[in-house]
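Work through the exercises below with the sequence and the model at hand. Try each task before reading its solution.

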Amino acid sequence: MPNRDYHQERREYDFTELSRDQLSSDPFIQFSSWMDEAVANKIIDPTAMSVSTVDSNGQPHSRVVLLKESDEQGFVFYTHYDSDKGQQIEANAKASLLFFWPQMDRQVRIEGSLEKIAAEQSENYFHSRPRDSQLAAASSTQSSVVPGRKTLEQNYAIQEALYEHVDVKRPDHWGGYRLIPNRFEFWQGRPNRLHDRFIFTKCSVSNNQDWSIDRLAP
């Protein structure tokens, strides 16, 4: 491939600062505050996040999905349980999330373990989705090799005909995961690459505090 040199692709980060006294002691509240700002600033796809898992050979895999729910229990997204990511999660539930909002020079990294949410919750969300999205989920064998796009369209048409006059059934292999965090990092880009970074680490049950907070070197 032709050589491409990106050494001069750079910019300054000067949106704002992040100091210790600006942080909530609760990382879930801090995350919600930043997410609210991202939405208010009309960031494109503010809920888009990279989900990273590891396969049986130790190879990391990342892909972008959309956050659908967050609270003090964790962070929920939906996918196919028999996809590559689903199989990797089945073998190793440890995972990480990454949000990046370049217009605000911000990243949030979240690490923890994934668990399936209740089937009833997946059912409720599935039936709240647009019908076309339901049919796409029912027709897709996510991550499997297909001969071409025509196969995808044919499979979709089969499901469309099958459910022409009835509600689309949620596939058993489609549902939600919740990431239960044990570590957060809030990153605010700053001029001269002296970025502000703070980590929240889950404390042991013997500690009176839920989370410890430390500043990291950029």
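The exercises go from the whole chain to its cores, a helix pair, salt bridges and two backbone angles.

This is a predicted model, in which local features need pLDDT of at least 70 and side-chain atom pairs count only at pLDDT 80 or more, while totals for chains, interfaces and linings use all residues. Residues are numbered from 1 along each chain as its sequence is written, and side-chain values use heavy atoms, with hydrogens and water left out.

**Exercise 1. The whole chain**

Task: State how many helices and strands the protein chain has, and in what order the elements run.

Solution. Step 1: take the elements from DSSP runs, where helices are H or I of at least four residues and strands are E of at least two, numbered from the N terminus. Step 2: count them, which gives five helices and nine strands. Step 3: read from the N terminus; the order is α-β-β-β-β-α-β-β-α-α-α-β-β-β. Step 4: add the extent, a box of roughly 55 × 55 × 40 Å that the C-alpha atoms fill along the principal axes. Step 5: look at contacts (heavy atoms within 4.5 Å). Of those with a separation of 6 or more, 65% join residues 24 or more positions apart.

**Exercise 2. The nonpolar cores**

Task: Find which residues have the most contacts inside the largest nonpolar core, and which elements supply that core.

Solution. Step 1: fix the terms. Buried means under 20% relative accessible area, exposed over 50%, and partly exposed in between, with a 1.4 Å probe and protein chains only. A nonpolar core is a set of buried Ala, Val, Leu, Ile, Met, Phe, Trp, Tyr and Cys residues joined through side-chain atoms within 4.5 Å. Step 2: note that 37% of the 218 residues in the chain are buried. Step 3: the largest core holds 32 residues, and F31, F99, W101 and I110 have the most contacts inside it. Step 4: at least two of its residues come from each of α1, β1, β4, β5, β6, β7, β8 and β9. Helix α1 gives the largest share, five residues. Step 5: another core lies apart from this one; it has 10 residues, including Y78, I117, A137 and V168.

Task: List the contacts of W101 beyond four places in sequence.

Solution. Leave out the neighbours within four places; the partners of W101 are then F31, W34, M35, A38, I43, P46, R106 and V108.

**Exercise 3. Two helices**

Task: Describe how α4 and α5 pack.

Solution. Step 1: locate α4 at residues 131–139 and α5 at residues 149–162. Step 2: their axes are 9 Å apart, at an angle of about 115°. Axes here are lines fitted to C-alpha atoms over the stretch in contact, and angles run from 0 to 180 degrees between N-to-C directions. Step 3: list the residues in contact: D132, L135, A136, A138 and S139 from α4, with N155, Y156, Q159 and E160 from α5. Step 4: sort them by class, which gives four nonpolar, three polar and two charged residues. For this count, Ala, Val, Leu, Ile, Met, Phe, Trp, Tyr, Cys and Pro are nonpolar, Asp, Glu, Lys and Arg are charged, and the others, Gly among them, are polar.

**Exercise 4. Salt bridges**

Task: Which residues form salt bridges with D196?

Solution. Step 1: use the criterion, a side-chain nitrogen of Lys or Arg within 4 Å of a carboxyl oxygen of Asp or Glu. The whole structure has 12 such bridges. Step 2: R190 pairs with D196 at 2.7 Å. Step 3: R215 also meets D196, at 2.9 Å from N to O. This pair connects strand β9, with R215, to strand β8, with D196, across 19 residues. Step 4: compare accessibility. D196 is buried at 5%, R190 is partly exposed at 22%, and R215 is partly exposed at 46%.

Task: Name the residues that salt bridges link in a network.

Solution. The network consists of R109, E111, R183, E185 and R197.

**Exercise 5. Positive phi**

Task: Where do K42 and S143 lie?

Solution. Step 1: K42 lies in the loop between α1 and β1. Its phi is positive, about 55°, although K42 is not a glycine. Step 2: S143 lies in the loop between α4 and α5, with a positive phi near 80°. Step 3: K42 is exposed at 71%, whereas S143 is partly exposed at 44%.
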